[in-house]
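Please look at the sequence and the model shown here, and then follow the account below with both at hand.

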Amino acid sequence: MKRSRSTITLFLSAVLAMAIAFAAAAPANAAPKRSNGRSAVIFVHGFDGTGAAATNCQEYWASAINYFQSKKYTNAQLRTYSYYPKKSGSNGCTWRYTNSDGKYGSRRTSLTAIAKNFANRVYNSYSSAPSGGQKVDVVARSMGGLVVRSALYHVKKGTAGFPPYLYIEDVVTLGSPHDGASGVQLALCKAAYNSPQQCKQMTKGSSFLKGLPQTPSKSAMGTDWTAISSHDDSTVSGNSGAWINAQHKAQFDGSGDNQISHTALKSHKNGTFRARVKDGGAWSSYGQRVAPVVMAHKAVLNRSEY
């Protein structure tokens, strides 16, 4: 009898522990409904390959932020995330990565560590119950797209240290090295900075890239992915930038005088450019399309017409 009671007690304790763990991991409120409209947008920058890695997000994203403001986004809705120190003593970013010692990141900071910090920022500021379970959109350029992919992957996987869930409705990547960055650019990066971690992780075939699924993970409310790339991008090839199985893709052809470079993907908001699009089926033919910043805006509004 004593042995039976002990077995029952252990069994009930295990069930209770599982219930507590499940309750902690489950969203405390219903996921926000998907809808076309203006949600908060978080901009995530890319790798800094010049001098001492540092960022002023307002300078970096000036063109995009200005365009979103022209579309009636408020300053409170436009947020920025950085993983490098302040540039020239100015802040200019809503949030910055810091490690357990309170130090900013560098080129040697693992993208997984940055992804964890980013995921928890989003969770604590928007997704968790105290903030009412708010949804957000994300626009990420270059390496920033890998940070977001990693964040959503590890949240879905339940990796220790990552939040239990996120509510990210739309993600747009601009020239992100989903299948690796340009070999020439990486060689320069490794030579100039003694092969830092981030250069290694952006190398085609790296363990970091192999660990991320080609079909990007979704948040607890579902996530609509858009990958925008350019064949005129010498840092990230047009194919690498569109490598993931995103619901929507756009690819500039890089021909003629009106071209879209790696930098232009985050700054061009005026005019039209020769590009093709893919929305779940086959690629369209090349034709005149809106500028990449305009595409990003349309994508976070869940409108695929470009």
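## Sheet, cores and disulfides

In this predicted model, strand β5 (residues 168-174) and strand β6 (residues 224-230) run parallel to each other and are paired through five bridges. Within that pairing, Asp170 stands opposite Asp224 of β6.

These two strands belong to an open sheet of nine strands with mixed pairing, in which the order is β3-β2-β1-β4-β5-β6-β7-β8-β9. The edges are formed by β3 (95-96) and β9 (287-290), and because each of these has a single partner strand, one side of each is left without a neighbour in the sheet.

Following the order towards β9, the reader comes to strand β7 (residues 248-252) and strand β8 (residues 272-278), which run antiparallel and are joined by four bridges. Here Gln251 has Arg276 in β8 as its bridge partner. The pairing of β8 with β9 is likewise described as antiparallel, over four bridges, and in it Phe273 stands opposite Arg289 of β9. In considering which residues point to which side, it helps to recall that the side chains of a regular strand alternate between the two faces of the sheet.

Helix α5 (residues 143-157) lies across four of the strands, namely β1 (40-44), β4 (136-141), β5 and β6, and runs at about 140° to β4.

What does the interior contain, and which residues have the most contacts inside the largest nonpolar core? This core has 47 residues, and those with the most contacts inside it are Ile42, Val44, Tyr81, Tyr83, Phe118 and Val148. Two or more residues are given to this core by each of β1, α4 (111-127), β4, α5, β5, α6 (183-193), α8 (207-210) and β6, and the largest share, eight residues, comes from α4. Val44 gives a view of the surroundings inside this region: leaving aside residues up to four places away in sequence, Val44 touches Trp61, Tyr81, Tyr83, Phe118, Val138, Val139, Ala140, Arg141, Gly144 and Val148. Apart from this core lies another, of 33 residues, which includes Val41, Phe252, Val277 and Leu301.

The structure also holds two disulfides, and with the bonded cysteines counted along the chain they follow the pattern 1-2, 3-4. One of them is formed by Cys57 and Cys93, whose sulfur atoms are 2.0 Å apart. Cys57 lies in helix α2 (residues 57-60), while Cys93 lies in the loop between β2 (78-82) and β3, so the pair ties together parts that are 36 residues apart in sequence. The torsion about the S-S bond of Cys57 and Cys93 is about 95°, and the disulfide is therefore right-handed. Buried here means under 20% relative accessible area; Cys57 therefore counts as buried at 1% relative accessibility, and Cys93 counts as buried at 8%.

Cys189 and Cys199 form a disulfide too, with their sulfur atoms 1.6 Å apart. Since Cys189 lies in helix α6 and Cys199 in helix α7 (residues 197-201), this pair ties together parts that are ten residues apart in sequence. Are these two cysteines buried or exposed? Cys189 is buried, because its relative accessible area is 7%, and Cys199 is buried as well, with a relative accessible area of 0%.

Terms used: Residues numbered from 1 in each chain as written. Predicted model: local features only at pLDDT ≥ 70, side-chain atom pairs only at ≥ 80, totals over all residues. Heavy atoms only, no water. Pairing = 2+ DSSP bridges. Contact = heavy atoms within 4.5 Å. Axes fitted to C-alpha atoms, helices over the stretch in contact; angles between N-to-C directions. Core = buried A, V, L, I, M, F, W, Y, C linked by side-chain atoms within 4.5 Å. Buried < 20%, exposed > 50% of the residue type's maximum accessible area, 1.4 Å probe, protein only. Disulfide = S-S within 2.5 Å.
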